[in-house]
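Open the model in your viewer and keep the selection panel handy. We will go from stop to stop, picking a few residues or elements each time and looking at what surrounds them.

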Amino acid sequence: MTLLRTLLSGRTTRLAFVGACTVLLVALFAPLLSSWDPDDIDLSQKLQAPTREHLLGTDHLGRDVLARLLHGARASLGSVAVIVAAILLLSLSVGSVAGYAGGMVDAFLMRLCDTFLTFPTFILAMFLIGILGAGMTNVILAIVCTHWAWYARIIRGLVLSLKTREHVLAARVAGTGQFRLVMRHILPGVLPQILVLATLDIGHMMLHVSGLSFLGLGVQPPTAEWGVMINDARQYIWTQPQLLFYPGLAIFVTVMAFNLLGDGLRDALDPVGETGGWGK
Amino acid sequence: MNEDAVLAVESLELEILRGRSRKVVRNVSFSVPRGRVTCLVGESGCGKSLTCLAILGLLPEAVRRTGGTITIDGERVNDLSPEHLQALRGGKAAMILQNPMSCFDPICTVKSHFLESLAAHGGNSGRLSPEVMPESDLARARRSLAEVGFDSPDDILDAYPFQLSGGMLQRVMVALALLSEIRLLLADEPTTDLDVVSQARILTLLDETRRRHGMGVLLVTHDIGVVARMADFVVVMHKGEVVEQGEVATLFAAPRHAYTRALLQAHLSLYGLAFGDEAVGTVSPEPCLAAATPGPVPEEVRIR
């Protein structure tokens, strides 16, 4: 609770927290917030201006823009949640083992990381999609493949530093087993820093997902997703600019909220930081 | 090897592997008799702490034991499997480290530390959290804390390490070591980071504990005053080798090696005394002890 209080003490972070929570709630309760089916096509209603029925108007296929925007949050945030969870699971396992075991195991795992770090995200995504076909699963796979190694390297560094701390040596002296040592003394020191990094990266991942969907490599139409919505609307940029504006604004606000929240979390978890951490 | 020795180190050799490998500890042999205190002295960097870590099989990655044998209470550490070695640590032999403030996990309460030690050595705690520590384990923890002089063990158990002073944490570390019936206590400069009042208290505590439990103590220090007060035997290390060892009175009265003489001289000179002065005398550790030991701790400054 002290951490949450410190986190919410800054006005900007408080705003970011509210923004991020709003997007999360919208994603969770999207079907309850709009009575329209986001994929329901009605050509007789296409490209309508905002009305009482369609609060943000309709797109070129007569679908309700608000419903698609709300359901788009599910696709964007859902995919990012899967990506972050997969990256954390993979990198925590590899990074912890490499840092703790050291020697040949460390050398092998780090060369493996180096191999994955050589692939740019978009190139690997196109390569995977070329082989496996377009779709969200392959986009998630591509982003996880190109990002887990960064995290694994950082985690390895943190583990290397933590395992030489005196309290870890003291635990070994007391006869604590290796598994317990890692779970109770090393990982709790690694997790806060990695969570900050992951929060800062949520926006970055979201841009990747939306970018690849915009290029037609990610979520496939007619599924509602913010990148797909921008792609659908690009031919109406001069006549119906609001169709690009709404999903663009949603991406902007969400990415900004998570970035600012990550910044706030970093400051809050830094006990000696100048911005005032929980240790102060 | 002395038959009554709880620890015997024979021809220990340690090598640093990084860069050009070099021997940092060479041909070190000594023993710690049961119920007695052996002090390992020497300047910083002479290999005292590495020797201690080698005894418990906890050498850093970059250091390797290249020769010699270590025997603790009749068990050759060299032949033990990692599981047996883990059971030996905290079970038969415990170690008190130099800086008590950094030897405790800052995000765990003292009770968590006890729970962990008990889980490793026959307690009933297993995977439980500190909130549901079994009564039998809690009683052991309380008994151990009371033994090192805490009047209200429950308050200490609920405290986080940063809420306790260095001296209190050092006593908690001794209490953790006493959870099992240990035969050997390694104390690596246990008073270096403490003020003189806490130093005196910890040394008294170590001595009382040693008498009560009859364990052998290997006390690593570079403080000759501590040696004079505590030691039965002294092992002097210099540049990774044992240059002289013997009973404390003999060694203080007639140091044979130039380094031992220099060590005694350096210590006495801090107090304006000179080794070999008639005024000081050279027949007992008394001048060193008198020069360095603080007086009795006044009641009003005693800590809980």
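Start by selecting B:Val242, which is buried because 23 other C-beta atoms lie within 10 Å of its own. (A residue counts as buried with 20 or more other C-beta atoms within 10 Å of its own, exposed with 12 or fewer, and partly exposed in between, the C-beta atoms being placed from the backbone.) B:Val242 sits in strand S10 (residues 241-247) of chain B. Helices (H or I, at least four residues) and strands (E, at least two) are DSSP runs, numbered from the N terminus.

Before moving on, a note on the model and its numbering. This is a predicted model, in which local features need pLDDT of at least 70 and side-chain atom pairs count only at pLDDT 80 or more, while totals for chains, interfaces and linings use all residues. Residues are numbered from 1 along each chain as its sequence is written, and chains are lettered from A and ligands numbered from 1 in the order in which they are written.

Now show what surrounds B:Val242. Which residues is B:Val242 in contact with, leaving aside its neighbours within four places in sequence? They are B:Val28, B:Ser29, B:Phe30, B:Val235, B:Val236 and B:Met237. Contact here has a cut-off: the C-beta atoms of the two residues, placed from the backbone, lie within 7 Å. Draw a C-alpha to C-alpha distance from B:Val242 to B:Phe30: it reads 8.6 Å, although the two are 212 residues apart in sequence.

**The sheet of chain B**

Next, select strands S2, S1, S4 and S5 of chain B. In that order the 4 strands form an open, antiparallel sheet; two strands pair if DSSP finds at least two bridges between them. The edges, each pairing on one side only, are S2 (22-33) and S5 (75-76).

Strands of a sheet pair through backbone hydrogen bonds, either parallel or antiparallel. Switch on the backbone and look at S1 (residues 5-16) of chain B, joined to the antiparallel S2(B) by 8 bridges. One of the bridge pairs to click on is B:Ile16 with B:Arg22 of S2(B). S1(B) and S2(B) make a hairpin with 5 residues between them, and in the turn B:Gly19 has a positive phi of about 65 degrees.

On the S4(B) side, S1(B) pairs in the antiparallel sense over 8 bridges. B:Ala8 is a good residue to centre on: its bridge partner in S2(B) is B:Ser31, and its bridge partner in S4(B) is B:Thr71.

Add helix H1 (residues 48-55) of chain B, which packs on the sheet and touches S1, S2 and S4 (63-72), its direction making about 115 degrees with that of S1(B). Axes are lines fitted to C-alpha atoms, for helices over the stretch in contact, and angles run from 0 to 180 degrees between N-to-C directions.

**The nonpolar core**

Select B:Leu7, B:Leu184, B:Leu185, B:Val227 and B:Val234, the residues with the most contacts inside the largest nonpolar core, which has 161 residues. Such a core is a set of buried Ala, Val, Leu, Ile, Met, Phe, Trp, Tyr and Cys residues joined through C-beta atoms within 7 Å. Beyond four places in sequence, the contacts of B:Leu7 include B:Val32, B:Ile55, B:Ile72 and B:Leu184.

Zoom out to chain B as a whole, with its 11 helices and 10 strands. Buried residues make up 46% of its 304 residues.

**Across to chain A**

Chain A has 11 helices and 0 strands, and its C-alpha trace spans about 75 × 50 × 30 Å along the principal axes. Of its 280 residues, 42% are buried.

Select helices H4 (residues 65-101) and H7 (residues 136-163) of chain A, which pack at about 35 degrees with their axes 6 Å apart. Then swap H7(A) for H9(A): H4(A) and H9(A) pack at about 145 degrees, with axes 9 Å apart. Residues to show in this contact include A:Ile83 and A:Leu88 of H4(A), and A:Ile194 and A:Met205 of H9(A).

**Last stop: where the chains meet**

How many residues does each chain give to the contact? Chain A gives 16 residues and chain B gives 22 residues. On the chain A side, helix H8 (166-173) and helix H9 (178-214) each supply at least two residues. The largest share of that side, 7 residues, comes from H8(A).
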